[in-house]
Amino acid sequence: MKGMLDFLEKAGLVKMDTPAEQTAPEIAITHRESTATALDNAGAFAPQQLVPAAGHPLQLDMIYANQGVSPSLYPAERLLRLVDGLSAMDEATRHMAIQAMDAADESWTIDDPLADAAAKVHALTEHSMSLTVQLQQLELETQAQLDAITSRQEQVVGDIRKQIAELEGLVARELSRSAQETATQEAKLRAAQDQVAQDLAEVARVSQRLQGLASQFGVTKTNS
């Protein structure tokens with residue numbers, strides 16, 4: 001295995017630390033490691049909402065912590081970066097290289113990242129199930145609220161329309177009554193006007209006849 005590690009180091013694929021600094025073999029994946037996210041240890045985070053807001057980034061560290069995934073000596077993500085860095089090799093050579101690194105450091109074994117990966121897959125599965133259940137519950141609650149809104153709308157609009165119909169009925173009855181009263185008052189006025197006109201004409205006629213008597217039979221007074 002030592003020869004394989006030397007070969008990888010000379011090829012620039014693996015960089016071995018000095019004994020004083022070495023805690024685990026480090027991979028020099030210069031074109032990939034700069035963009036890799038360090039997920040070696042799961043930190044302690046407050047529980048997050050299972051159904052995140054739109055655009056909310058997925059917090060893997062939080063998911064792992066909430067599901068009780070313990071920190072690993074050699075996290076699965078580190079092995080993934082190693083596999084990516086050795087992607088130019090064929091599968092058999094890549095396995096030999098990883099086995100060489102495993103054998104070179106007694107602080108970890110290949111079982112560590114594999115166990116870490118299994119634990120994280122289980123955590124992600126549980127989180128996915130929780131998300132699904134939470135979303136289903138949210139859908140049910142939202143539908144219930146939508147149904148309540150629709151029911152309230154129908155009730156309120158129905159009541160308003162009923163009141164409008166009643167008011168329109170009142171308006172129609174008031175218009176009809178006002179029209180009848182107006183016609184009655186106008187008829188009374190016309191009748192009174194006609195009666196007064198007749199009376200005035202009779203008065204004029206009688207007065208004229210009486211005045212005629214005076215002119216015909218009037219007595220001339222003599223002075224004594």
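Colleague: What share of the 224 residues of the protein chain counts as buried?

Modeller: Of the 224 residues, 19% count as buried, a word that means under 20% relative accessible area, whereas exposed means over 50% and partly exposed lies in between (1.4 Å probe, protein chains only). This is a predicted model, in which local features need pLDDT of at least 70 and side-chain atom pairs count only at pLDDT 80 or more, while totals for chains, interfaces and linings use all residues. Residues are numbered from 1 along each chain as its sequence is written, and side-chain values use heavy atoms, with hydrogens and water left out.

Colleague: What makes helix 3 largely enclosed by the rest of the structure?

Modeller: Seven of the ten residues of helix 3 are buried, so helix 3 is largely enclosed; helices here are DSSP runs (H or I, at least four residues; strands are E, at least two), numbered from the N terminus. The buried residues are Ala 76, Glu 77, Arg 78, Leu 79, Arg 81, Leu 82 and Gly 85, and what covers them includes helix 2, helix 4 and helix 5.

Colleague: How do you know that Tyr 74 and Trp 108 form a pair that is stacked?

Modeller: A search of the whole structure finds one aromatic pair. Tyr 74 and Trp 108 are 3.9 Å apart, centre to centre, with 25° between the planes. Rings of Phe, Tyr and Trp (its six-membered ring) pair if their centres lie within 6.5 Å, and planes under 30 degrees apart count as stacked, over 60 as edge-to-face and the rest as tilted; the pair therefore meets both conditions for a stacked pair. Tyr 74 sits in the loop between helix 2 (60-66) and helix 3 (76-85), and Trp 108 in the loop between helix 4 (91-104) and helix 5 (111-217), so the pair links distant parts of the chain, 34 residues apart.

Colleague: Why are these two residues called buried?

Modeller: Tyr 74 has 0% relative accessibility and therefore counts as buried, and Trp 108, with a relative accessible area of 2%, is buried as well.

Colleague: What makes Glu 77 and Lys 120 a salt bridge?

Modeller: Their closest N and O atoms are 2.7 Å apart, and a salt bridge is a side-chain nitrogen of Lys or Arg within 4 Å of a carboxyl oxygen of Asp or Glu, so the pair qualifies. Glu 77 lies in helix 3 and Lys 120 in helix 5, so the salt bridge ties together parts that are 43 residues apart in sequence. Both residues are buried. By this rule the count comes to four salt bridges.

Colleague: How do you know that Glu 174 and Arg 177 are separated by about one helical turn?

Modeller: Glu 174 and Arg 177 are three residues apart in helix 5, which means about one helical turn. An α-helix has 3.6 residues a turn, so residues three or four places apart point the same way. The side chains of Glu 174 and Arg 177 meet in a salt bridge at 2.5 Å, N to O. Glu 174, at 36% relative accessibility, counts as partly exposed, and Arg 177 is partly exposed at 47%.

Colleague: Why is Phe 217 called exposed?

Modeller: Phe 217 has 60% relative accessibility, so it counts as exposed. Phe 217 lies in helix 5, a helix of 107 residues that reaches 156 Å from its first C-alpha to its last, close to the 159 Å expected (1.5 Å times one less than the number of residues).

Note on methods:
Contact = heavy atoms within 4.5 Å.
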